[in-house]
Amino acid sequence: MNQLTLAIREHAARLLEEGTVDVVIGFKAGTLALKTQPAFITKASAADQLVHNGFCQNNLVSFLTRRSPRTYSPASDQEAERVGLVCRGCESRAVRVLVSENQVKRENLYLIGVPCTGIVDW
């Protein structure tokens, strides 16, 4: 297991334990070999499912607008959901656009920045 995966797991577990975020969105091993799938981690004990490798190719930012309306709706009466997001450079630009278009509230996001090491070319 690589050091980046270990660091992501530790950081996600700490954020969930401290109550900084309600959910961490990252990648976990898929049901097929050489595939990953999005993971929505809500308990610190489940943070060991998170992985980061050359098979992580989806843009996780797309899941921000699919979450409950309380994540992004300025008119929501409920307390806002706080989301931790494993975020590469290209994804951080997508987050910036969503925030500038008022589709996501920045104060409800905690970005876990990771370097983009590229993906496996099939």
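**View A. Parallel pairing of strands β1 and β4 in the predicted model.** Strand β1 (residues 23-29) and β4 run parallel and are joined by 3 bridges. Within this pairing, Ile25 stands opposite Leu85 of β4.

**View B. Pairing of β4 with β5 and the connection through helix α2.** Strand β5 (residues 109-113) pairs with β4 in the parallel sense, over 5 bridges. Val86 of β4 has Ile112 of β5 as its bridge partner. From β4 the chain passes through helix α2 (residues 89-100) to β5, forming a β-α-β crossover that is right-handed.

**View C. Burial of strand β4.** Strand β4 spans residues 83-87, and 5 of its 5 residues are buried, so the strand is largely enclosed by the rest of the structure. In a regular strand, side chains alternate between the two faces of the sheet. Both faces of β4 are covered: Val83, Leu85 and Cys87 are buried on one side, and Gly84 and Val86 are buried on the other.

**View D. Surroundings of Cys116.** The structure holds 0 disulfides. Cys116 is accordingly in no disulfide, and the nearest cysteine sulfur, that of Cys90, lies 5.3 Å away. A disulfide would require the two sulfur atoms to be within 2.5 Å. Cys116 has 52% relative accessibility and therefore counts as exposed, the cut-off for this class being over 50%.

**View E. Burial of Cys56.** The relative accessibility of Cys56 is 0%, so this residue counts as buried; the class comprises residues under 20%.

Note on methods
Residues numbered from 1 in each chain as written. Predicted model: local features only at pLDDT ≥ 70, side-chain atom pairs only at ≥ 80, totals over all residues. Heavy atoms only, no water. Buried < 20%, exposed > 50% of the residue type's maximum accessible area, 1.4 Å probe, protein only. Helix = DSSP H or I, 4+ residues; strand = E, 2+ residues; numbered from the N terminus. Pairing = 2+ DSSP bridges. Right-handed = clockwise from strand over helix to strand, strands pointing away.
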